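Here are some notes to read alongside the structure. Keep the 3D view open and find each spot as you go.

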Amino acid sequence: MKMTFRWYGENDPVTLPNIRQIPQMSGIVSAVYSVPPGGVWPRESIAAVKDAAHKNGLLFEVAESVPVHEDIKLGLPSRDGYIETFCENIRRLSEAGVTCICYNFMPVFDWLRSELSKPLPDGSNALAYDNQTVLDLDPLKSSLSLPGWDESYSKEGLKALMNQYKDIDEEKLWGNFAYFINGIMPTCEECGVNMAIHPDDPPWGIFGLPRIITGAKSYARMTEVCKSPRNGITLCFGSLGADPNNDIASIIREAGCERIHFVHARNIKITGERCFEESAHPSANGSLDMYELLKALHDGGFDGFIRPDHGRMIWGEQGRAGYGLYDRALGAVYLTGLWEAIAKQMKG
Ligand SMILES: [Mn+2]
């Protein structure tokens, strides 16, 4: 297991020297943020991320995320051009030493929460999801803006895009996914890059848009549509765990670790039906048993990348919701400790 930490580039209030001082940190997870979805990432921009990491004793082996253009998800004729662009980004990233690319296949909206700084009893705050609040939202009318919402869409643009999805049901989205993953796989094979799809977050449909990466059945199907082991997953505990029907330890044990290239480890506390808040990482603080999950990964021989996922805001820290330094650093150390204990126990 290689412990990593997400870094949002030079404008991130969390600095690389900060990240370097977290015990056992091997590298950063980052991206080129200045290019809109569907664009080619300049080699200089990729090199800048790599060089900044290396100067601080950190590796840059995981890109998160390389966005998939909506035309690919919609299956439009223009998708072939965007798939070629995606392949070019795979080639450029691999030239810079990246071996794992995290992406998602969620139409229109990325991850979604109803609250970014819900106060918790201990004085910290965290991201939260309340189903009723989200159901009451109309993305086309609401002035509320959430982090998973692409700000570059005008209301009209968003309306037009959501209309395009009217004819795309889950079956069609699966077909478009299969076309995409099989289209890029020869390049992945050639470059030695693993693709790691992130589950939909939350793992259920929202605003009438289809969502397909939601649990054990999705993983069985996505591995079926493209059999290369380089077609793998980002196992995000918090995303999958928001649906209590997802038994994540069983998913790991049944699917094996060959396709798990990247793990997002965080805990959540389920507070009602389709309601949850993001908690501190330890098992006792949330609804997920982190020991069981890491144990399943260890038993499966997992040796990919892992990172603490979202953290709470603690100790008065201000910054990017979910991506402060302190609670994620605590999470990383907790995960490293659990892993050490499991590894030593297994040796007897
Ligand atoms: Mn995640």
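**Notes on the model**

1. Let's begin with a loop. Gln24 sits in the loop between α1 (16-20) and β2 (27-30). Keep in mind as you look that this is a predicted model. What is the phi of Gln24? It is positive, at about 65 degrees, although Gln24 is not a glycine. That deserves a second look because most residues other than glycine have a negative phi.

2. Now zoom out to the whole chain. How many helices and strands does the protein chain have? You should find twelve helices and twelve strands. The radius of gyration is 19 Å, close to the 20 Å that the globule rule gives for 348 residues, so the chain is as compact as a globular protein of that length. If you want a feel for the dimensions, the C-alpha trace spans about 55 × 45 × 40 Å along its principal axes.

3. Next, the barrel. In which order do its eight strands come? Going round, you meet β1-β2-β3-β4-β7-β8-β9-β12, and with that the barrel closes. The pairing in this barrel is parallel. On average, neighbouring strands of the sheet are turned by 30 degrees against each other, if you ignore direction.

4. For a close-up of the barrel, try one pair of strands. Strand β8 (residues 231-236) pairs with strand β9 (residues 260-265) in the parallel sense, and four bridges hold the count here. To line the two up on your screen, pick Thr234, which stands opposite Phe262 in β9.

5. There is also an open sheet to find. Four strands make it up, in the order β5-β6-β11-β10, and here the pairing is antiparallel. Which strands are at the edges? They are β5 (115-119) and β10 (267-272), each of which pairs on one side only. From one strand to the next, the twist averages 35 degrees.

6. Stay with the open sheet and walk through two of its pairings. β5 and β6 run antiparallel and are joined by three bridges, with Lys118 standing opposite Ala126 in β6. These two strands form a hairpin that has five residues between them. In the turn, Gly123 has a positive phi of about 95 degrees. On to the next pairing: strand β6 (residues 125-130) is joined to strand β11 (residues 275-279) by three bridges, again antiparallel. Ala128 stands opposite Glu277 in β11.

7. Time for helices. Two packed helices are described by the angle between their axes and the distance between the axes. Take helix α4 (residues 79-95) and helix α7 (residues 170-191): their axes come within 10 Å and cross at roughly 25 degrees. That angle makes α4 roughly parallel to α7. The crossing of α4 past α7 is right-handed.

8. Which residues meet where α4 and α7 touch? From α4 come Ile83, Phe86, Cys87, Ile90, Arg91 and Ser94, and they meet Phe180, Gly183, Ile184, Thr187, Cys188 and Cys191 in α7. Sorted by character, the residues of this contact are eight nonpolar, three polar and one charged.

9. Here is a second helix pair to try. Helix α10 (residues 248-255) and helix α11 (residues 290-299) have axes that come within 9 Å and cross at roughly 5 degrees. So α10 is roughly parallel to α11. On the α10 side, Ile248, Ala249, Ile252 and Arg253 take part, meeting Glu292, Leu293, Ala296 and Leu297 in α11. How do the residues of this contact divide? The split is six nonpolar, no polar and two charged.

10. Finally, check two peptide bonds. Most residues other than glycine have a negative phi, and most peptide bonds are trans. The bond from Glu64 to Ser65 is cis, with omega near -15 degrees. You'll find Ser65 in the loop between β3 (59-64) and α3 (70-74). The bond from Asp201 to Pro202 is cis too, with omega near 0 degrees. Where is Pro202? Look in the loop between β7 (194-197) and α8 (216-225).

Methods. Residues are numbered from 1 along each chain as its sequence is written. This is a predicted model: local features need pLDDT of at least 70, side-chain atom pairs count only at pLDDT 80 or more; totals for chains, interfaces and linings use all residues. Two strands pair if DSSP finds at least two bridges between them. Axes are lines fitted to C-alpha atoms, for helices over the stretch in contact, and angles run from 0 to 180 degrees between N-to-C directions. Angles under 35 degrees count as roughly parallel, over 145 as roughly antiparallel, 65 to 115 as roughly perpendicular and the rest as oblique. Two residues are in contact if their C-beta atoms, placed from the backbone, lie within 7 Å. Ala, Val, Leu, Ile, Met, Phe, Trp, Tyr, Cys and Pro count as nonpolar, Asp, Glu, Lys and Arg as charged, and the others, Gly among them, as polar. A crossing is left-handed if the near helix is turned anticlockwise from the far one by less than a right angle, and right-handed if clockwise. The radius of gyration is taken over C-alpha atoms; the globule rule is 2.2 Å times the number of residues to the power 0.38.
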